[in-house]
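Reader: I would like a close look at one part of this model, the salt bridges. Please go through some of the pairs and say where their partners sit.

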Amino acid sequence: MSLGRVDLARQVARARAARVLTVEGRVREVRGVLVGVEGLSAAVGAELQVDLGARSLRLEVLGFREGMALTAPLGDTAGVAPGMRVRPCATGSAAPVGEGLLGRVVDAFGRPLDGAALGAMEARAELRASPPSPLRRRPVDEPLATGVRALDALLPLGLGQRVGLFAGTGVGKSTLLGMLCRHAVADVIVVGLIGERGREVGDFVRGALGPEGLRRAVVVAATSDQPPLVRARGALYATAVAEHFRARGLRVLLVMDSVTRFAMALREATLAAGEPPLTKGYTPSVFAALPSLLERAGTCEGPGAITAVYTVLVEGDDLNDPIADAVRGILDGHIVLSRKLADRGLFPAVDTLRSVSRLACDLCEPWHLDAAATVRGMLAALEDASDLIQLGAYVPGSDPRVDRARSALPAIEALLRQPLDQGVGRAEALRMVREAAECGR
């Protein structure tokens, strides 16, 4: 067989692997954030590439219009001209996974951002894998020690649980994520920084995560200056990395900041492709992609598990934002950070009255549930009487619930307040919640 026929056979094989039906097409137009490709039949989700000489540009197929494939660039379109050849990407949409990623910071394609070469990768994982079968998931019945006293005492998390961290700007979201990454009992930490500013990526790795946390972590960063689908790809890649370690039987903590920017990235791309908007400009594809991403975490039929914490940005602390509302309905609980508590200097600023762990009854002993309910009841009583107390109009003895709550307030605040660099064992957190509850009885 001649060299030309061998090369053609390889191209056909790559095309089939990438769900591309013809071997080569041409750039027809570049309009906004979309590249139109003609003469090439490819499935939605397939990845193509344009050879620009010094570099190649990847394209992801979003849809079709008038005999033309609508693709979104996974990089800078500078240098793209009409008539340029477009071919299927040799690697498809798979990305490298393996132990060589531990302790490293990589981009959405698995390329290192710290300048050093990666170790040998064990496999390549498909970015759009299906979630585990619902009937083959193990129940979430084992508590996860997070090292954060407020969570272990009042909002217990389980191994394989998926929760949302709802917060506005400047209320300590990154602080709490850093505490989880440093102190949670997990074999591997996977951090997805989606749509963050470049400076914040370095600050999180050096400050919130630190050298100790980075040793057992994989950080996938897709910064805000990158094209929309590169940011979305970062979330998919971080999930694929976590799935790889779960398949090996490890306890994985997946932290994604933020799922809101993942949705915003998809909104940009799908609006450009002509999809009609629903609420606040979000398209139907965005709301379909959220459960496809979030359901991939959790338990499976093997011993491994992915405990996932997804941050959700809420504008003006409004929990009725369409993305916040959709995510809250998918996950197994939500943690709300309070601006009022942050302004008082109480960190982590967890608003226990607005937060819920849906699996608490499966994870806690009866006395623990009773103590946590007592503390929450005292906090509710203080909130109901807060206006009278601040005005000095509350008369001691007029409400025994408020009196007990006021006497127990120092113990409650000691339970909730915790320094960033201090991890607290679960046994210590349970002891303190019991003592706080006793102070109010």
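Author: By the rule used here, the count comes to 27 salt bridges. The model is predicted, and the distances below are computed from it.

Start with Arg233 and Glu47, whose side chains meet in a salt bridge at 2.4 Å, N to O. This pair links distant parts of the chain: Arg233 belongs to helix 5 (residues 228-247) and Glu47 to strand 3 (residues 47-51), 186 residues apart. Both Arg233 and Glu47 are buried.

A second pair is Asp114 with Arg104, where the N to O distance is 2.8 Å. Arg104 is in strand 8 (104-106), while Asp114 lies in the loop between strand 8 and strand 9 (123-126), so the salt bridge ties together parts that are 10 residues apart in sequence. The relative accessible area of Asp114 is 43%, so Asp114 is partly exposed. For Arg104 the value is 11%, and Arg104 is therefore buried, since buried means under 20%.

The third pair, Glu435 and Arg431, stays within one helix. Their side chains form a salt bridge at 2.5 Å, N to O. Both residues lie in helix 14 (residues 426-439), 4 residues apart, which is about one turn of the helix. Glu435 has 41% relative accessibility and so counts as partly exposed. Arg431, at 37%, also counts as partly exposed.

Salt bridges can also join into a network, as they do for Glu24, Arg26, Arg85 and Arg87.

Methods: Residues are numbered from 1 along each chain as its sequence is written. This is a predicted model: local features need pLDDT of at least 70, side-chain atom pairs count only at pLDDT 80 or more; totals for chains, interfaces and linings use all residues. Side-chain values use heavy atoms; hydrogens and water are left out. A salt bridge is a side-chain nitrogen of Lys or Arg within 4 Å of a carboxyl oxygen of Asp or Glu. Helices (H or I, at least four residues) and strands (E, at least two) are DSSP runs, numbered from the N terminus. Buried means under 20% relative accessible area, exposed over 50%, partly exposed in between (1.4 Å probe, protein chains only).
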